[in-house]
Amino acid sequence: MAKYKILALDLDGTLLNKESVLPEENKIAVRQAQQAGVQIVLCTGRNPIEAKMFSDDLLAPADWLVTSNGAYICKPDLTQNIFAQYLSNDDCKLLLDICKEYDTDPCLYTDSQLFYGNAFRRFFRELNIRRNMNPDTKRNHSSFIETDEEWENLLKTSEKPFIKSILYHDNPNSVDKIIENLDATGRFELAPSVLFGGLMKNVEINCKGVHKGNGLKQLTKHLGYTMNDVMAMGDSDNDLTMLEMSGLSIAMGNAEDHIKEVADECTLTNIEFGVAHSIKRHLL
């Protein structure tokens, strides 16, 4: 019987390859871990709808989804929501004000939809140029907001509250200044994300205290386990808390050095099927 009862897997840069596709090697290993009695938890910054799509791509659905950096926890069929922590309307207004100051706009998540600003059109264009990635906005139930007035109207009329935001700016230095302003408010949990050696940078935003580590802690308590029963794998800043808090933490070979430093060990990269390698090493 496996020592660890829960396997917490980040998606992008961890379980998925560089084309954001789930490799067959990882699918097989994840299913083998599940058959050995380990509960599979997809622990991601993506919202529940997106996380469900990748759960559906596994050989059998994951057991749980910890989504939006720990802000929303549910079963893969999007039922049995056991935890949700939303940004307040005032939080969202503050984010929009800061965006105006730096001539950018945000992305806002509900549990079932994504709303992108014009800055993310440029972000996706750059992703497509640099990595041949073009997000399927129809598949992930997303739409674009064009003007400040439309953003303000969205806050007034949205039927669902927002669980997470992402801010992007073409100038990485401006993102640093935005992060400083957000941090000074004391209202948010911030996870910067850097791509292509610093050429592209954004910041993921949740309510203060909401992160993957605390999301997993909520889930383990619900299941009757502790964080010592968790094996966690990740590669990015939004994975740091779950790596720091888990019984066994494994950084991907493609992670930055500061991520590797907090982990118990480092595995192969996501394109070398590091998830499958570590599952075989520790769970089978």
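These legends walk through several close-up views of a predicted model.

**View 1. An eight-stranded sheet, from edge to edge.** The strands of this open sheet come in the order β5-β4-β3-β2-β1-β12-β13-β14, and their pairing is mixed. At the edges sit β5 (83-84) and β14 (265-266), each of which pairs on one side only. Starting from the β5 edge, β4 and β5 pair in the antiparallel sense over two bridges. Look for Ile73 here: Phe83 in β5 stands opposite this residue.

**View 2. Strand β3 and its partners on either side.** Which way do the side chains of β3 (residues 64-67) go? Trp64 and Val66 point one way, Leu65 and Thr67 point the other way, and all of them are buried. With β2 (residues 39-43), β3 pairs in the parallel sense over three bridges, and Leu42 stands opposite Leu65. With β4 (residues 72-74), β3 runs antiparallel, again joined by three bridges, and here Val66 faces Ile73 as its opposite number. β3 and β4 also make a hairpin with four residues between them. Ser68 is in that turn, and its phi is positive, at about 50°. Back at the start of the strand, Lys75 lies over the face of Trp64, 4.6 Å from the ring centre.

**View 3. Helix α3, mostly under cover.** Follow the chain through β2, helix α3 (residues 48-57) and β3, and you have traced a right-handed β-α-β unit. How many of the ten residues of α3 are buried? Seven are, so the helix is mostly covered. The buried ones are Pro48, Ile49, Glu50, Ala51, Met53, Phe54 and Ser55. What do they pack against? Their neighbours are α1 (11-15), β2, β3, β4, β6 (106-109) and β7.

**View 4. Two buried rings, edge-to-face.** Searching the whole structure turns up four aromatic pairs. One of them is made by Phe115 and Phe162, with 6.2 Å from centre to centre and 80° between the planes, an edge-to-face arrangement. The two rings come from distant parts of the chain, 47 residues apart. Phe115 belongs to strand β7 (residues 114-116), while Phe162 is in the loop between α6 (148-157) and β9 (164-169). Are these rings buried or exposed? Phe115 is buried, with a relative accessible area of 9%, and Phe162 is buried too, at 5%.

**View 5. A tilted pair inside a ring cluster.** Next come Tyr116 and Phe144, whose ring centres are 5.6 Å apart; their planes meet at 35°, so this pair counts as tilted. Tyr116 is in strand β7 and Phe144 in strand β8 (residues 142-144), so the pair ties together parts 28 residues apart in sequence. Tyr116 is buried at 6% relative accessibility, whereas Phe144 is partly exposed at 24%. Both belong to a cluster in which ring pairs link Tyr116, Phe120, Phe144 and Tyr168. Phe144 has a charged companion as well: Arg121 lies over the face of its ring, at 4.1 Å from the centre.

**View 6. Cysteines without a bond.** How many disulfides does a search of the whole structure find? Zero. Take Cys43 as one case: the closest cysteine sulfur to its own is in Cys74, and at 12 Å that is too far for a bond. Cys43 is buried, with a relative accessible area of 0%. Cys99 tells a similar story, since its sulfur is 11 Å from the closest cysteine sulfur, in Cys92, and that is too far for a bond. At 1% relative accessibility, Cys99 is buried. For the reasoning here, a disulfide needs the two sulfur atoms within 2.5 Å.

**View 7. Glu25 and its contacts.** Where is Glu25? This residue is part of helix α2 (residues 24-35). With a relative accessibility of 38%, Glu25 is partly exposed. What does Glu25 contact, leaving aside its neighbours within four places in sequence? The contacts are Phe273 and Ala276. Cys107 is 82 residues away from Glu25 along the chain, and the C-alpha atoms of the two are separated by 33 Å.

Technical notes
Residues numbered from 1 in each chain as written. Predicted model: local features only at pLDDT ≥ 70, side-chain atom pairs only at ≥ 80, totals over all residues. Heavy atoms only, no water. Phe/Tyr/Trp six-rings, centres within 6.5 Å; stacked < 30°, edge-to-face > 60°. Buried < 20%, exposed > 50% of the residue type's maximum accessible area, 1.4 Å probe, protein only. Lys NZ or Arg CZ within 6 Å of the ring centre and 35° of its normal. Pairing = 2+ DSSP bridges. Right-handed = clockwise from strand over helix to strand, strands pointing away. Contact = heavy atoms within 4.5 Å.
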